[in-house]
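Thanks for sending this one over. My comments follow as numbered points, to be read with the structure open beside them.

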Amino acid sequence: MSTVTEAPAPSQLAENKGALTEEYIVRTKDLIKHFIMGEETVEALKGVSVDVFRGEYISLMGPSGSGKSTLFNMIGGLDKPTGGTVFIDEVDMAQLDAYELAWLRCRKIGYIFQTFNLIPVMTALENVTLPMVFAGLTQDEQMERGRMLMDTVGLGHRLNNKPGELSGGQQQRVAIARSLANSPSIILADEPTGNLDLKTGKEIIELLRRLNQESGVTVISATHDLKMVDVSDRIIWIRDGLIDRVQTRSELGDQLTEMDH
Amino acid sequence: MADDTNTTGHDPVDEVDASAAPIDAAALAETEAKHELLEGLTEKERRALLAGDRVEALSEDEIRSRLVASDSGDTLGHEDLVQGMERELSAQTQVIDLLSDQREPEGLNIAKVLDSSVIDLSMLMARQVHDKTADIIGPKASAERREHVKDEISLPNAKAIEMSVKSVRQRLGRVAITGSSIFLGIAFFASVRTTALCLQAAGEAGDSGEAARLTWLIIMALLVSVVGICNSMLMAVTERFREIGTMKCLGALDQFIVKLFLIESGVLGLLAGVFGSILGIAMMYLVNTMRYTFSFADVVGGFGGILIQGILLGSILSVLAAILPARQAARMPAAAALRSTV
């Protein structure tokens, strides 16, 4: 099967922004991952093929130990598969060198973590601008864009606070602003609401959804927070290292109404 | 509604302008001069500078003074921008009010307006280049383009130093413990050197066997310091696994991590060198003045040299001690960012 697609001219691409949404942003093919634990080999993934379109909001769901986090790590280029391939924007991750992988992480993927992972010694604004430093933006560009992003997540007034001076929800919003620093194509969120209370978790989910809808960024979130179900375009259920089922929102909607009756 | 009242096709403001004084050469020249002053400013700076006023409404001197003010201070900052927009907005609101003849009782809430206008998400993502990723990286991209990727990920040295200094400042307690071994080592070095200096000044030269023994002691003390600092830094690296993993997720290369740790250690060694030398010199000078007779002027010339040697030794040894921990840190996988426990 040929994976080469005809590349349209850049101008054409900009015009056909609608058509872009039908492009694959992430594809995995027969992903296999084995972990060697002492004597035995644990099969975390047993052949997972997932296609994600540009602009989708995907939730990876499954119990702990299902292979969900392993799949998440593979998609984010944080771990190498034992077998199979991961394509990000039609690029085979296995073929990238260290520089290219860093480039991809810096500009194409935004990461959000369960534990927020802000750099504790830096202010909120410095945290947000750190990826821009790596991407070589000028100081002025960094400040302007950093402020804009902090405004976007509703924290324009907490620019100079250290993470320790912010609440969990605020820290996660800073982390979201940071993930958007270099206008990525994909946001990978690992249990973004895992360390937050119900209300704050909801706010974070709404913020992610808003960003997804308004800026067209693809969101892939590993979670077992059922609140995510409402906003996801598709839910991929992982079980025992395999895809259990994939549900679209409309299917889920039917199911939810059935449950109501 | 607005269409009804605005059938002439003119803004009320425009009409006022048109009915103003007839155009004369002097006014024209002045307007030109004013615009020239504003040339080279970005739209944003211009807005902030004008703070909602029209260029025509300001005198040349006024613009000049605002420009000077904006040069001397950080007046073109965010606050001014917001203020400028606020005023611009209220001017616009007045125009709308005039046209629609419906006055809002409260006026517009600037926060709300900012929320909906400035924070335009499509603008936010405007930088998103629609170059295909496959054209830039990976086997399908040209060799030249792939080579260029290396220049598109960077950590400028100035920024790395800034980050490291901040890190040292923030973790001062921890750093003090890590640095204490090198601090004491340097203090020992400085005290031995100072004693030798004082003895020489007092004319009580020690025998050469004594000097050799002392040199040995210094070397051993400094070696112990290096091992101590190395050990503390290895601990620090394992503690900071999440921070390191996160940096890698944000696009940091291994060499950035190495750079940050080495600079951090260098800063630490510099501080330890300065304070250690001062302590060693001061203490041994005091002790020796009690035992021997010599004048301060005879020895003070040598203190500078000891201080410089102490600082250099401290920083260099500290950086050397950090090589192993820094490499360990750089090897930390990006996935460490996701780990919840050590």
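1. Let me begin with the contact between the two chains. The count there is 10 residue pairs in polar contact between chain B and chain A, with both residues at pLDDT 80 or more. On the side of chain B that touches chain A, the helices α8 (121-124), α9 (133-136), α10 (143-149), α11 (157-170), α14 (241-249) and α15 (254-291) of chain B each supply at least two residues. Of these, α14(B) gives the most, with six residues. Sorted by class, that side of chain B has 25 nonpolar, 12 polar and 14 charged residues. Please keep in mind throughout that this is a predicted model.

2. How much area do chain B and chain A bury between them? The figure is about 5300 Å², and 66% of it is on carbon and sulfur atoms. The contact draws 63 residues from chain A and 51 residues from chain B.

3. Charged pairs also appear at this contact. Side chains of opposite charge can pair when their charged atoms come close. Between chain B and chain A the count is two salt bridges. In a salt bridge that is worth displaying, the side chain of Arg146(B) meets that of Glu100(A), at 2.6 Å from N to O.

4. Turning to chain B by itself, you will find 16 helices and zero strands. Of its 342 residues, 36% count as buried. Among contacts in chain B between residues at least 6 apart in sequence, 79% join residues at least 24 apart.

5. Helix α13 of chain B deserves a look of its own. Spanning residues 208-239, this helix has 32 residues and reaches 47 Å from its first C-alpha to its last, close to the 46 Å expected at 1.5 Å a residue. Its buried residues include Ile218(B), Leu222(B), Val226(B), Ile229(B) and Met233(B). Ser225(B), Cys230(B) and Ser232(B) are also among the buried residues of α13(B). What do the buried residues of α13(B) pack against? Their partners are α12 (172-202), α14, α15 and α16 (296-331) of chain B.

6. Just after α13(B) there is a salt bridge to check: Arg240(B) pairs with Glu264(B), and the closest N and O atoms are 3.0 Å apart. Arg240(B) sits in the loop between α13 and α14 of chain B while Glu264(B) is in helix α15 of chain B, so the pair ties together parts that are 24 residues apart in sequence. Are these two residues buried or exposed? Both Arg240(B) and Glu264(B) are buried. Elsewhere, salt bridges that share partners join Glu126(A), Lys159(B), Glu162(B) and Lys166(B) into one network.

7. Over all chains, the salt bridges come to 25. One of them, in chain A, is formed by Arg209(A) and Asp233(A), with the closest N and O atoms 3.4 Å apart. This pair links distant parts of the chain: Arg209(A) belongs to helix α8 of chain A, and Asp233(A) to the loop between α9 (227-231) and β9 (234-239) of chain A, 24 residues apart. Arg209(A) is buried, with a relative accessible area of 10%. In another salt bridge, the closest N and O atoms of Lys227(A) and Asp225(A) are 3.1 Å apart; both of these residues are buried.

8. Ser215(A) is found in helix α8 (residues 198-215) of chain A. Ser215(A) is buried, at a relative accessible area of 10%. A polar atom of its side chain lies 2.5 Å from the backbone oxygen of Leu211(A).

9. Gln170(A) belongs to helix α7 (residues 168-179) of chain A. Why does Gln170(A) count as buried? Its relative accessibility is 15%, and buried means under 20%. A polar atom of the Gln170(A) side chain lies 3.0 Å from the backbone nitrogen of Ser167(A). Leaving aside residues up to four places away in sequence, Gln170(A) touches Leu155(A) and Arg158(A).

10. One last residue in chain A: Met143(A), in helix α6 (residues 139-152). At 22% relative accessibility, Met143(A) counts as partly exposed. Met143(A) and Leu125(A) are 18 residues apart in sequence, and their C-alpha atoms are 8.0 Å apart in space.

How values were computed
Residues numbered from 1 in each chain as written. Chains lettered and ligands numbered in written order. Predicted model: local features only at pLDDT ≥ 70, side-chain atom pairs only at ≥ 80, totals over all residues. Heavy atoms only, no water. Contact = heavy atoms within 4.5 Å. Buried area = accessible area lost by both parts, 1.4 Å probe. Salt bridge = Lys/Arg side-chain N within 4 Å of Asp/Glu carboxyl O. Polar contact = N/O pair within 3.5 Å; in protein donor to acceptor, adjacent residues only side chain to side chain. Helix = DSSP H or I, 4+ residues; strand = E, 2+ residues; numbered from the N terminus. Nonpolar A, V, L, I, M, F, W, Y, C, P; charged D, E, K, R; others polar. Expected span 1.5 Å × (residues − 1). Buried < 20%, exposed > 50% of the residue type's maximum accessible area, 1.4 Å probe, protein only.
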